[in-house]
Amino acid sequence: MVATLNPDQLRSLTPLNVLSEQQWRELRPQLSPQPLLAGQTLFALGDRQPRTYYLLAGELQLTAQDGQIETVRAGSQSTCHPLSPVLPRIHEARALSDCSLLVLDSADLDRLVTWQLAFQDLLLELGQSHDDLEWLERLLENPLFAKVPPTNVRSMLERLKPVALAAGNQVLREGEIGDCCYFLKQGRAEVIRGADSSLQLLAELESGACFGEEALLADKPRNATVTMLEDGVVMRLDRQDFFELLKSPVVAEVGLNEAQSLIEAGAQWLDVRLQDEYERGHASEALNMPLQLLRLKARLLDPARTYLCCCDSGKRSTSAVFLLSQLGYRAFALRDGLDALSAEQREQLLCEQGAGYLVRSGGRIERSL
């Protein structure tokens with residue numbers, strides 16, 4: 001059996017290097033290196049499989065449509081980034097030697113990266129208004145929140161209702177209809193299934209745990225009983241609020257043609273990818289404000305200007321537009337992101353490389369040296 005990659009081996013890979021260890025655990029089934037023998041093709045020109053590939057060992061040849069050839073060797077700076085990430089693929093990739101690759105589902109990776117960057121921004125904001133930041137961190141690490149659009153989490157926290165319970169109180173009972181879910185804020189609780197002699201202890205819950213959501217998601221009766229082991233506080237989220245907050249918010253989006261018209265009218269590209277991603281190719285005069293830093297840097301933007309947010313899939317830029325709109329800026333997301341563009345459109349748009357541009361107070365822009 002091939003050993004799963006450990007966090008130290010992942011920290012050099014962009015954008016995997018922004019994920020938390022818990023998120024790496026979520027990706028664990030995909031973290032076993034995959035072999036590719038010399039002479040085999042990894043993907044063909046025009047391939048549309050939503051996979052993200054990293055070269056871990058060996059040597060690959062990338063051949064573009066015009067016949068231009070690039071040799072990629074494991075350990076080089078370029079292998080810190082995905083191989084030919086644009087869909088449809090603009091290269092054919094063939095192994096020159098026996099290779100080892102990390103192969104990830106692109107949608108899973110993008111979802112985790114978007115959530116992690118939005119999570120960091122949310123903690124920055126909430127830390128200014130909540131006393132118990134440690135509990136918030138544990139709460140937001142719960143897998144349930146991976147299903148909640150980041151822009152909705154703040155609203156979810158506002159809808160939680162505290163309920164104080166004494167040791168021995170049942171929070172929910174097996175077989176009941178689910179009308180809410182709970183988050184444990186203080187104290188401990190146990191989860192038991194069955195009755196009388198068939199009782200089975202399933203788990204012991206601690207602060208930050210979520211329970212009761214399965215009955216809501218599956219629309220079935222409770223499958224276990226949860227009882228407080230000591231005095232504590234749970235936070236209740238009603239069924240209606242739960243489903244309302246799973247819906248993605250509607251934000252303003254534009255296609256590439258409309259975006260270009262807005263640029264001609266004075267709008268500004270705002271690239272919300274990580275700096276390493278931005279430096280490999282960005283739009284002319286595009287500012288780089290990674291999503292997790294956007295709240296801090298937004299004060300430098302010009303309130304009178306329109307901003308066009310872009311990222312690879314569109315998920316991070318959607319979160320960015322929602323945040324900027326809350327702060328009073330006029331912003332649009334590039335619909336479906338850079339991945340939705342043709343190879344020719346992407347090449348024309350991402351025409352610059354390197355550190356790019358800096359924004360100063362009042363929206364003044366300077367070229368980086």
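## Overall picture

What percentage of the 369 residues of the protein count as buried? The figure is 48%, where a residue is called buried when its relative accessible area is under 20%. Keep in mind as you look around that this is a predicted model.

Along its principal axes, the protein's C-alpha atoms fill a box of roughly 75 × 55 × 30 Å. Within the chain you will find twelve helices and 22 strands. Take the contacts between residues at least 6 apart in sequence: 74% of them join residues at least 24 apart.

## Surface and charge

Turning to the outside, about 18100 Å² of the protein is exposed, and 47% of that area comes from carbon and sulfur atoms.

The protein carries 37 positive and 51 negative charges. If you average the positions of each set, the two mean positions lie 2 Å apart.

## Annotated domains

In an unreviewed entry, UniProt lists "domain: Cyclic nucleotide-binding" for residues 15-113 and 144-246. For residues 15-113, the model gives 14% helix and 36% strand. The C-alpha atoms at the two ends of this span are 7 Å apart.

## A look at helix H7

Helix H7 covers residues 239-246, and its buried residues are Asp241, Phe242 and Leu245. These three sit on the same side of H7, because they cover an arc of only 105° around the axis. A handy rule helps here: an α-helix has 3.6 residues a turn, so residues three or four places apart point the same way.

Note on methods: Residues numbered from 1 in each chain as written. Predicted model: local features only at pLDDT ≥ 70, side-chain atom pairs only at ≥ 80, totals over all residues. Heavy atoms only, no water. UniProt positions renumbered as here; feature names shortened; annotations may be inferred. Helix = DSSP H or I, 4+ residues; strand = E, 2+ residues; numbered from the N terminus. Buried < 20%, exposed > 50% of the residue type's maximum accessible area, 1.4 Å probe, protein only. Contact = heavy atoms within 4.5 Å. Areas by Shrake-Rupley, 256 points an atom, 1.4 Å probe, with all protein chains shown as cover. Lys, Arg positive; Asp, Glu negative; His and termini not counted. Charge placed at Lys NZ, Arg CZ, Asp CG, Glu CD. Arc of directions from axis to C-beta.
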